[in-house]
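Subject: The model I promised you

Hi,

Here is the structure to open in your viewer. Have a look around, then read on for what turned up in it.

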Amino acid sequence: MKESERHLRVLAASIPQMLWTATPEGQLNYLSDQGLRYLGIGEELLYGEKWLNAVHPDDRESAIRSWTHAIATSTPYETSYRLRRFDGTWRWHLVRGVPVVGDDAKVSQWYGTCTDIEDQKQAETLMQQDRQRWQELLQRAPAAIAIFHGPAHIFEWVNSDFVRMVGRSDAAKLLGKPAREGLPELVAQGYIDLLDRVFAAGQPHAEQEAPVLLGEGGDAHEAYVNFVCMPTRDTQGRVDGNFVHATDVSDLVKARKQVEESERQFRTLAETIPHLAWMAHADGFIFWYNQRWYDYTGTTLESVKGRNWETLHDPDVLPRVLDQWKLSLASGKPFDMIFPLKGANGEFRTFLTRVEPVKDNGGRVVRWFGTNTDVTEQKRTEEELRRANRDLEEFTYVASHDLQEPLRMVSIYTQLMMKTLGEPEGNLGKYAAVVRQNVARMETLIHDLLKFSRTVHDDRSSSSEPLSTADLAAALAEATTVLKSRIEEVGAVIRAPSSWPVVRGDTDQLAHVFQNLVSNALKYSRPGTKPEIHICAHSDGVQCTISVEDNGIGFEQQHAESIFGLFKRLHRRDAYAGTGLGLAICKRIVERAGGKIWAEGRPDQGSTFYLSLPLAG
Ligand code: ADP
């Protein structure tokens, strides 16, 4: 054995790989002992070209191709293929060969090794699978994730949420690029510096609701992001990149900012209004007052929070306030009441208090919003007005009463004068007729005025007496008796209910109401049409509603309210006689009985007057 060959065998025994040699033409002519042991076959089955028998059939073609190429070009060769081990398992090998060139510049021999890389290959596959798995996980994670490599923060990996969040169409626009180039808009906002700092310090950094402008050029949009930036480390523990995990919380932050803004606007408004204002929880616990409340009451939130506001009430009125407030809290209905509140100076002023429930989408009360409006002056003015009105009504009563007598004198003495003059003809007779006519008008006016002021007068003198029950059938009978001749004269038809509910009120006064309504129905009839008056009564268990409907000239609905005013008339006196007091008297009587009166009119079709009166008992 040549010395060089012995050396080779010693070397072959000392290295873990298989060692082989081949002829310049590529015929295998030597395989180390461990190679033979490893493959578990004899030389005779390997040498020459038979070595291919040990190669996995799927890898043979490429094995031959690269070997042929190496021989043809006399260049070192490196490839990998599977070899069958003695136990029949296929294992990957890294196969390397180098040509030995002799003095004649020709290849004299090939030397090579086969290294079992199966374990390494498997580890690599596992790592690959592992990598694929965590990438899939990160891809599906409900967050935007990016992995940067090195101090330049090269985009190594991003998930689709990240691409979407930064307003890019495709991950390819980022991958492989330094962060500064991939997301240039972040440079001026200081976020790349932040990556630098985390990389340099090796310390994670987290921010909540960080404002950031994302997207390119005109597509830039403002977002709010919760993010963590963490340094990543290599196997030696050195920082080798950054891991960024971000959640876009723009919608949440924007919605909250909107709520904060409207809350701020509301508070500004509540502080600007000239009323005392406050807010309570659904259970009535007051948790906020505006500054005007504190200014007026001289209190602090601590001293009046919850229900301590009760100390600012008049103890005599408080129980009523509490009763009504509890009713509102239980029913969720608005609260509306006038009561006094004590000021910082110890004096009470009168406030109109309105409390509205604030409800959620499901209709549940979530808050109460209350205002107290100082109506002291208004109440005083109202009281003064009432007093002035009362004085005026008293005066009307006295004046109309006292005017009757002198007017009767004028009438009597005019008649006497005419009689004495022997009922003269010509101008004197005409003048006397004008005097008589005007005296008659004056008498009607005074009569109506007296009737009106009498209801006021009676009202006042008997205000403490509770109203007794009224007999509506009797009241209508009385009215039609008074109007009997007029009804017969025009041939009017009156239809009335056969039975009536019993209401609270005064029969005589309601007779007066009927008389006014029926006489109007007769008076405001259409020329050539026989008046038909239809009276109905309907009870709902609490109220009785009476309607008096006619087929007369009617009126425009817009006047339906004004005709109940004093001296209010829609027609000229020369067309229809009257004083404009009838309906005012009716209103007075009905309201005194705790009822209401209203009307509906249709021009040229008729009108209907309604009274609603509380039922007796
Ligand atoms: P008067 O009849 O003396 O004018 P009222 O107070 O009774 O006064 O009525 C006020 C006005 O209402 C009348 O002038 C008339 O224009 C209108 N009015 C009242 N009743 C009727 C009715 N039944 N149909 C049409 N208009 C009516």
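First, a bit of vocabulary: a cavity is a set of grid points where a 1.4 Å probe fits but cannot get out, and its lining residues have an atom within 4 Å of a point. Helices and strands are DSSP runs, numbered from the N terminus. Also keep in mind that this is a predicted model.

**Cavities**

The count comes to three cavities of 30 Å³ or more. The largest cavity has a volume of about 270 Å³. Its lining is made up of 19 residues, and F162, L186, Y191, F227 and V244 are the closest to its centre. Two or more lining residues come from each of α5 (160-165), α7 (191-201), β8 (205-214), β9 (221-233) and β10 (239-248). Which of these elements gives the most to the lining of the largest cavity? That would be α7, with four residues. The lining itself is easy to describe: 19 nonpolar residues, no polar and no charged.

Now go to the second largest cavity, which holds about 210 Å³ of space. Of the 17 residues lining the second largest cavity, W20, L28, W51, Y81 and C114 lie nearest its centre. The strands β1 (18-22), β2 (28-31) and β3 (77-84) each give two or more residues to this lining. Here the split is 15 nonpolar, two polar and no charged.

**Pockets**

About 1000 Å³ of space lies in the largest pocket. It is lined by 39 residues, and to find its centre you can select N520, K523, A577, G578 and T579, the closest ones. The elements giving two or more residues to the lining are α13 (426-461), α16 (507-523), α17 (582-592) and β22 (606-614). The largest share, eight residues, comes from α16. This lining is a mixture of 16 nonpolar, 14 polar and nine charged residues.

The second largest pocket has about 270 Å³ of space. Twelve residues line the second largest pocket, with N389, E393, F452, L566 and R588 closest to its centre. Both α12 (376-420) and α13 supply at least two residues of that lining, and the largest share, six residues, is from α12. What is the make-up of the lining of the second largest pocket in nonpolar, polar and charged residues? Five are nonpolar, two polar and five charged.

**A helix with a buried face**

Next, try helix α14 (residues 472-482), where L472, A475, L476 and A479 are buried. Why do they line one face of the helix? Seen down the axis of α14, the buried residues fall within an arc of 95 degrees, so they sit along one face. The general rule behind this is that an α-helix has 3.6 residues a turn, so residues three or four places apart point the same way. The buried residues of α14 pack against β16 (469-470), β18 (503-504), α16, β19 (532-539), β20 (543-550) and β22. Look at the start of this helix too: D471 caps the N-terminal end of α14, with a side-chain oxygen 3.1 Å from the backbone nitrogen of A473.

**Three single residues to click on**

Start with N551, in the loop between β20 and α17. Is N551 buried or exposed? Its relative accessibility is 17%, so N551 counts as buried, because the cut-off for buried is under 20%. A polar atom of the N551 side chain lies 2.9 Å from the backbone nitrogen of E532. Not counting residues up to four places away in sequence, N551 touches R526, T529, K530, P531, E532, Q605 and G606.

Then there is N516, in helix α16. N516 is buried as well, at 13% relative accessible area. Setting aside its neighbours within four places in sequence, N516 is in contact with G582, I585 and C586.

The last one is G284, in the loop between β11 (276-281) and β12 (286-289). G284 is buried, with a relative accessible area of 5%. Along the chain, G284 and L329 are 45 residues apart, and their C-alpha atoms are separated by 6.8 Å. Leaving out residues up to four places away in sequence, G284 touches G306, W325, L329 and W368.

Have fun clicking through it!

Cheers

Terms used
Residues are numbered from 1 along each chain as its sequence is written. This is a predicted model: local features need pLDDT of at least 70, side-chain atom pairs count only at pLDDT 80 or more; totals for chains, interfaces and linings use all residues. Side-chain values use heavy atoms; hydrogens and water are left out. On a 1 Å grid over the protein atoms alone, a cavity is a set of points where a 1.4 Å probe fits but cannot get out, and a pocket is an open set with protein on both sides within 12 Å along at least five of seven lines; lining residues have an atom within 4 Å of a point. Grid points are joined across faces, edges and corners, and a volume is the space filled by probe spheres set on the points. Ala, Val, Leu, Ile, Met, Phe, Trp, Tyr, Cys and Pro count as nonpolar, Asp, Glu, Lys and Arg as charged, and the others, Gly among them, as polar. Buried means under 20% relative accessible area, exposed over 50%, partly exposed in between (1.4 Å probe, protein chains only). The arc is that of the directions from the helix axis to the C-beta atoms. Contact means heavy atoms within 4.5 Å. A polar contact is a pair of N or O atoms within 3.5 Å; within protein, one must be able to donate a hydrogen and the other to accept it, and residues adjacent in sequence count only if both atoms are side-chain atoms.
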